[in-house]
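Here are some notes for a colleague who is opening this entry for the first time. Please read them with the structure in view.

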Amino acid sequence: MKAAWYERTGPAREVLRLGEMPVPEPGAGEVLVRLHASGVNPSDTKSRIGNGARANAWPRVVPHQDGAGVVEGVGPEVSEARIGQRVWLYEAQLGRAFGTAAEYVALPAGQAVPLPPGVSFEEGAALGVPAMTAHRCVFADGPVRGRTVLVTGGAGAVGYYAVQFAAQAGARVIATVGRDEHVELVQAAGAALVVNRRREDAVARVAGFCGDAEGRGLDHVVDVNFAANLPMLTGLLRRGGSIATYASDAGLEPSIPFRLLMNLNARLHFVLVYTMGDEAHRAAAAAITEGLEGGTLRHRLGARFPLERIAEAHEVVEAGGAPGKVIITLP
């Protein structure tokens, strides 16, 4: 099979290689999937650079966690009825060397989720890490019906799904974005208020919208940059409110205002999709499936590249600001 891999960490164009590898054999409890699309996440590029949350423990790594394709084989303990099933994949390279940047991948059967008719392979490959992270962040502190939820970075890969999950669960959703052209996009996804943080006073706009006399109207926050946003969030969070954060690019060791958060009786949730529990994974997969089957889940697809241009795809993700999930297409 054709595959892309790296055998040392470093810049994409220096370490990524393209060539032929044997088709993997599915083990017990596994399926073999013929891939048609592979999604590129920031965590994939960080692992390739060598500063990911998970160490690379293998001499050769085929990157990428997310993908979509068709089941072509099954291992022991898996029903042959799964052969021919269209599926989307998550965490394909977690705890193993070979991910979805290849024509085939073998992975645990539970991580190959049925992809409903009418949902493209590219859309399926966009789910995985961002959609599951979004679901966990929205519901990390419980149901959100009737609550006011802020999603920072509402046009991002995670934030866009978070806005939808929260709004469809009955929350009043506020979102921040960084570009004017994203305002209508995020409103259409379900946000009642969208604030361009680059040219508006986000604190004043959110506080005014919440209508709280003290300007503290947020019940829950889904946050994209903990170190940068914490000062704003502590000024808007309601007593007993909660923050679920999944990234902190402005600093991995932020100073936390302990006394203020304690006085608010606030709850902090730190979400990493790769280490969240089985129950959270199952709940996220079920919610995503429901949204796909009901046609209520929107996707933001970005640039598409053939496998031969995987280094370019990685560079686009590393540069940041890509308008949607970057996809590798496989014939």
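1. The model is predicted. A place to start is the pair formed by strand β8, residues 148-151, and strand β11, residues 218-223: the two run parallel and are joined by three bridges. One residue to look up in this pair is V149, whose bridge partner in β11 is H220.

2. Which sheet does this pair belong to? The sheet is an open one of six strands, with parallel pairing, and its order is β10-β9-β8-β11-β12-β13. Its edges are β10 (193-196) and β13 (267-270), each of which pairs on one side only. From one strand to the next, the twist averages 15 degrees.

3. Helix α8, residues 226-234, packs on this sheet. The strands that α8 touches are β8, β11, β12 (237-245) and β13. The direction of α8 makes about 165 degrees with that of β12.

4. Helix α6 covers residues 181-188, and H182, V183 and V186 are buried in it. Why do the buried residues of α6 line one face of the helix? Viewed down the helix axis, they fall within an arc of 110 degrees, so they line one face of α6. The face turned away from this buried side carries E181 and E184, which are exposed.

5. What do the buried residues of α6 pack against? Their partners are helix α5 (157-168) and the strands β9 (172-177) and β10. Both of these strands appear in the order of the six-stranded sheet described in point 2. After α6 comes G190, which has a positive phi, near 130 degrees.

6. How many disulfides does the structure hold? The count is zero. C137 is in no disulfide, and the nearest cysteine sulfur to its own is that of C210, 19 Å away. C210 is likewise in no disulfide, the nearest cysteine sulfur being that of C137. A disulfide would need the two sulfur atoms within 2.5 Å.

7. Are C137 and C210 buried or exposed? The cut-off for buried is under 20% relative accessible area. C137 has 0% relative accessibility and therefore counts as buried. C210, at 14% relative accessibility, counts as buried too.

Note on methods. Residues numbered from 1 in each chain as written. Predicted model: local features only at pLDDT ≥ 70, side-chain atom pairs only at ≥ 80, totals over all residues. Heavy atoms only, no water. Pairing = 2+ DSSP bridges. Helix = DSSP H or I, 4+ residues; strand = E, 2+ residues; numbered from the N terminus. Axes fitted to C-alpha atoms, helices over the stretch in contact; angles between N-to-C directions. Contact = heavy atoms within 4.5 Å. Buried < 20%, exposed > 50% of the residue type's maximum accessible area, 1.4 Å probe, protein only. Arc of directions from axis to C-beta.
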